[in-house]
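Dear colleague,

I am handing over the structure we spoke about, and below it you will find my notes on what turned up when I went through it. Please read them alongside the coordinates.

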Amino acid sequence: MIRDTLMVIDDSPLDLAILREIFKQLFHVECFDEARSAMAYINRNSQRVCAVLLDLVLTRRGAGFSVLQQIRSMEKTWELPVILITSDAQEHNVLTAARKGAADFLVKPVDPITVQERVCGVVRST
């Protein structure tokens, strides 16, 4: 099966729409506004997902770290590249992201070309 799906998990409808638009020509994009449905999708479709773009703040500060840990803890997804994205680029968040196994860390608002390059670079390197 081809890994052609980029998952975007973000509780902002505007950010989901922007990211879908940025990536629609490059990937099949699946958007989720909360972690539970996103994790259910990953469990059913892990063989199709090439990367996850994950908001650090999903309804509460740091919730993205919990989702990252869930992805890292499952045998079928522990190597799946997860790119954290947030408007809160404090140094401790960047360091925690790296320590918990995030492939990259991006700051909102995203530049479309930069976010495409960084996500595609992560996908190519896996």
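Helices here are DSSP runs of H or I with at least four residues, and strands are runs of E with at least two, both numbered from the N terminus. By that convention N93 lies in helix α4. Please keep in mind throughout that this is a predicted model.

I begin with strand β4, residues 82–86, which is largely enclosed by the rest of the structure because 5 of its 5 residues are buried. In a regular strand the side chains alternate between the two faces of the sheet. In β4, V82, L84 and T86 point one way while I83 and I85 point the other way, and all of them are buried. Strand β3, residues 49–55, runs parallel to β4 and is joined to it by 4 bridges, with V82 of β4 as the bridge partner of V52. Strand β5, residues 104–107, is likewise parallel to β4 and joined to it by 4 bridges, and here I83 stands opposite D104. Together with helix α4, residues 91–99, the strands β4 and β5 make a right-handed β-α-β unit.

Returning to N93 in that helix, its relative accessibility is 7%, and since buried means under 20%, N93 counts as buried. Leaving aside residues up to four places away in sequence, N93 touches L56, F65, D88 and F105.

In strand β3, the residue I would look at is L54, which is buried with a relative accessible area of 0%. Again not counting residues up to four places away in sequence, L54 touches I9, G64, V67 and L68, and also V82, I83, L84 and I85, the last four of which belong to β4. L54 and E34 are 20 residues apart in sequence, and their C-alpha atoms are 10 Å apart in space.

E34 leads on to helix α2, residues 35–45, in which A38, M39, Y41, I42 and N45 are buried. These residues cover an arc of only 155° around the axis, and therefore sit on the same side of α2. An α-helix has 3.6 residues a turn, so residues three or four places apart point the same way. On the other side of α2, R36 and R44 are exposed. The cover over the buried residues of α2 includes strands β1 (5–9), β2 (28–32) and β3, together with helix α3 (63–73). At the N-terminal end of α2, E34 acts as a cap, with a side-chain oxygen 2.9 Å from the backbone nitrogen of R36.

Strands β1 and β2 run parallel and are joined by 5 bridges, and the bridge partner of I9 in β2 is F32. Between these two strands the chain passes through helix α1, residues 13–23, in a β-α-β crossover that is right-handed.

Finally, which cysteines form disulfides? The structure holds 0 disulfides. For C31, the nearest cysteine sulfur is that of C50, 13 Å away, whereas for C50 it is the sulfur of C120, 8.5 Å away. C31 has a relative accessibility of 19% and therefore counts as buried, and C50 is buried as well, with a relative accessible area of 5%.

With best regards

Key
Residues numbered from 1 in each chain as written. Predicted model: local features only at pLDDT ≥ 70, side-chain atom pairs only at ≥ 80, totals over all residues. Heavy atoms only, no water. Buried < 20%, exposed > 50% of the residue type's maximum accessible area, 1.4 Å probe, protein only. Pairing = 2+ DSSP bridges. Right-handed = clockwise from strand over helix to strand, strands pointing away. Arc of directions from axis to C-beta. Contact = heavy atoms within 4.5 Å. Polar contact = N/O pair within 3.5 Å; in protein donor to acceptor, adjacent residues only side chain to side chain. Disulfide = S-S within 2.5 Å.
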